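Dear colleague,

Please find below the structure that I am handing over to you. My account of what was found in it follows directly after.

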Amino acid sequence: MGRIDQETVNRILDTADIVEVVSDFVKLRRSGANYKGLCPFHNERTPSFSVNKARNICKCFSCGKGGSPVNFIMEHEQLSYQEALRYLARKYNIEIVEKEQSAEERQAENDREAMLAVNEFALKQFKHNLLETDAGRDIAMAYFRHRGLNDAMIARFHLGYSLDRGSALIDAAHEAGFNDKYLVDTGLAGVSHREGAEALYDRFRGRVMFPIHSISGRVVGFGGRTMRSDKTIAKYVNSPESIIYKKNLELYGLYQAKSAIAKRDKCILVEGYLDVISMHQAGVENVVASSGTSLTEGQIRALRRFTNNVTLIYDADPAGIKASLRGINLLLAEKLDVKVLLLPPGDDPDSFAQSHSSSEVEAYLNENERDIIAFMTEVLMRDVPANDPTARAKVVNVILQSVSHVDDPVKRQEYISQCSRMLGIPEEVLVRQLNIFITGRFEEEEKNAARRQAQASIDGIEKEEEKAPDAPLLNLDSNRLRPYEEMLARYLVRYGLLYIVDLEGEDGSKIPATVYDVIANELGVDGLSFSHPPYAAVFEAVKAMKDGSWQADRELRRAQIEAEAAAKLEEARDRIRRVGGSMAQLEKAEIEVGLQLDNFRREAINEYDVQYCQTRLINSPDDMVRNTAVELVVDRYTLSKIYSRQGEVQTEQDQLPILVPRAIYELRNAIVSDLISDLTKRLAALIPENADEAIDLLRQISEYKEFQRRLSEVLGDRIILPGRRT
């Protein structure tokens, strides 16, 4: 598999819409000009994940993750840059043109894609076996019919059958050219050792198959139920953990249910595959399953992207209820509004959905949901003897442990009052014990946060050391210089290729200069460079862009703008002719149209220059450049309004001829301050005999202070903004 060529990359970047891409995974709500939702990358109580359609970026202002559509897919689906581009190309039906890659690049990129491909192949084989073979129709289809599933549900959940032959799938995969490595890595094949030799066998043979889809619809694993009656054979076999399948992150049916969950703002959580499918068949489509495993934080976070409301469905078996209560604290800790539905005796979600009409199922759900804490109290106290205070105390502590995860003080007080009535224990007693649990939880969370922060600091130091230049240009306080370099890097990311001033050439001619040109020229005069690797990488990326295809691309865009301007001119002339008037009026109207079109041309090409730079930086294949650009392109600075002589408000873009040089002056001033400090320390450390060296140091300090004084005058002046450059 080759690397995607640049023209195709540009098509993907130009086509991918951040709102459409993020909406596949996060429930978004309009918030002014932007969209907001719960961050898919970390736990949070209120939405801090912002999506800006105009700039085509997203950003979590809490954890900092986000970026362009490419970066979002890379982070969310744990894909490489090239894999994320291919994901978006598939989404938007863009044909990929490739160029050659190195052997190492091909191998790294192919492993994941090959595993997904072999799963897709297996899915087709299992569906073929179910529908087109005698064994599939007689055994597997008969089982599905016995369980009450119709053709629509079998097709919607892509159910299938693995033939009861030792190597049926393996043989078909070999014939199709698939490698044994990927059959084993995905868990489709097992390895047996007989007489000193290895042999492959179908792990799912003789089982009806339930494919497990990622939230984006890729098949990442399978669950298989045996059709044999042999009690020594495991009833269910599931795909093992792999680079494409993480059990603690996946929920069965979420791909099929996500739209209904977002629409109804509620998710119903059941246990098994057939529970999900039967509920969907009954018309209740906002249902997912934990596939028989205990709920994990990753699974709950997946739900929170779509809703804060979860209803757990239990059958009437007390043992099953108590076993399922383990996940309740996780749900409450994730700030979800949790309710419980207890089914009639003898029913599970599958049988209940099969034996009732769609309207009856909906009505039962709406009428019988109960609050989780009241439900816990009733179930846990059911079998506790009234004369056993130790057993009662244990149950009370279990309930209060759950209540301690509820942060809303009003809701917490309601739970305390409710428990007091049901348990016959004074509220003040419950509150005292509850406070102990709350304090303990917060202390544990603080310890965990401190451990994570310490590890992040260690990782960050190691990364900085790996990327630091071998010989920095100046021995300066780089931490103190960072904010000044950051401001320049921000201007590079947001406006790097925008023309803002004219520089004077060696022959006295005026040379149009971009933001990048101004920064490069000024830093070059002083022999300076960026000391922080991320900002240096951004600087070099803009340089490469400017020296690359930007000018040619810009001329093509300029030609398009001229064509658009010509069309606008013809429309305006037609309008002027229809309105009519004196010759003077017609000439005045023509002049006004000309001025409007000049303004249109200028704004259109400026917008192109700004977007060209931003788009390519926030979609850069270089991780450092891309992540830094995403961080810097987001608005984090609020500039005071500055008015021109004509009284109009000047935007940041209008102010660039002043702001960019000023940022360079501020960096120079910080550098000079560090140099003066360093020289002063050296002077103080001199012994009296070194008078000549002391005089030289004093001279240098004096020169730097004079230079700093001149810089301070420039920085302190109130400067009248010039008119806009045309």
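**Overall character of the chain**

The protein chain exposes about 37,000 Å², and carbon and sulfur atoms supply 50% of that area. Please note that this is a predicted model. The chain has 726 residues, of which 45% count as buried. Its secondary structure comprises 28 helices and 22 strands. If one takes the contacts between residues at least 6 apart in sequence, 68% of them join residues at least 24 apart.

**The four-stranded sheet**

An open sheet is formed by four strands in the order S8-S11-S12-S13, with antiparallel pairing. Strand S8 (160–162) and strand S13 (236–238) each have a single partner strand and stand at the edges, so one side of each is left without a neighbour in the sheet. From one strand to the next, the twist averages 35°.

Taking the pairs in order across the sheet, S8 is joined to strand S11 (residues 207–213) by three bridges, and the two run antiparallel. Within this pairing, Gly160 has Met209 of S11 as its bridge partner. S11 in turn pairs with S12 over seven bridges, again in the antiparallel sense. Here Arg207 stands opposite Thr226 in S12. S11 and S12 form a hairpin with five residues between the strands, and in this hairpin Gly217 takes a positive phi near 100°. Finally, three bridges join S12 to S13, which also run antiparallel; the bridge partner of Arg225 in S13 is Tyr236.

How many of the eight residues of S12 are buried? Eight of the eight are, so S12 is largely enclosed by the rest of the structure.

Two helices deserve mention alongside this sheet. Helix H6 (residues 134–146) lies across S8, S11 and strand S12 (219–226), and runs at about 125° to S8. Helix H11 (residues 273–281) also packs on the sheet, where it touches S11, S12 and S13; the direction of H11 makes about 75° with that of S11.

**Ser162 in the edge strand S8**

Ser162 is found in strand S8. Is this residue buried or exposed? Its relative accessibility is 2%; buried means under 20%, and Ser162 therefore counts as buried. The side chain of Ser162 reaches the backbone oxygen of Phe204 at 3.1 Å. Apart from neighbours within four places in sequence, Ser162 is in contact with Phe126, Asn129, Phe204, Arg205, Gly206, Arg207 and Met209. Two of these residues have already appeared above: Arg207 as the residue opposite Thr226, and Met209 as the bridge partner of Gly160.

**The five-stranded sheet**

A further open sheet has five strands in the order S15-S14-S16-S17-S18, and its pairing is mixed. Strand S15 (287–289) and strand S18 (369–371) are the edge strands, each pairing on one side only. The twist in this sheet averages 35° from one strand to the next.

Strand S16 (residues 309–314) and strand S17 (residues 337–342) run parallel and are joined by six bridges. In this pair, Tyr314 has Leu342 of S17 as its bridge partner.

Helix H11 appears here once more: H11 lies across strand S14 (267–270), S15 and S16, and runs at about 170° to S15. As described above, H11 also touches S11, S12 and S13 of the four-stranded sheet.

**Lys411 in helix H19**

Lys411 is found in helix H19 (residues 409–423). With 30% relative accessibility, Lys411 counts as partly exposed. Residues up to four places away in sequence being left out, Lys411 touches Asp337 and Val406.

**A pair of helices, H25 and H26**

Helix H25 (residues 583–618) packs against helix H26 (residues 623–633) at an angle of about 130°, and their axes are 7 Å apart. That angle makes H25 oblique to H26. Which residues meet between the two helices? Gln614, Leu617 and Ile618 in H25 meet Val625, Arg626, Ala629, Val630 and Val633 in H26.

With kind regards

Technical notes
Residues numbered from 1 in each chain as written. Predicted model: local features only at pLDDT ≥ 70, side-chain atom pairs only at ≥ 80, totals over all residues. Heavy atoms only, no water. Pairing = 2+ DSSP bridges. Axes fitted to C-alpha atoms, helices over the stretch in contact; angles between N-to-C directions. Contact = heavy atoms within 4.5 Å. Buried < 20%, exposed > 50% of the residue type's maximum accessible area, 1.4 Å probe, protein only. Polar contact = N/O pair within 3.5 Å; in protein donor to acceptor, adjacent residues only side chain to side chain. Areas by Shrake-Rupley, 256 points an atom, 1.4 Å probe, with all protein chains shown as cover. Parallel < 35°, antiparallel > 145°, perpendicular 65-115°, else oblique.
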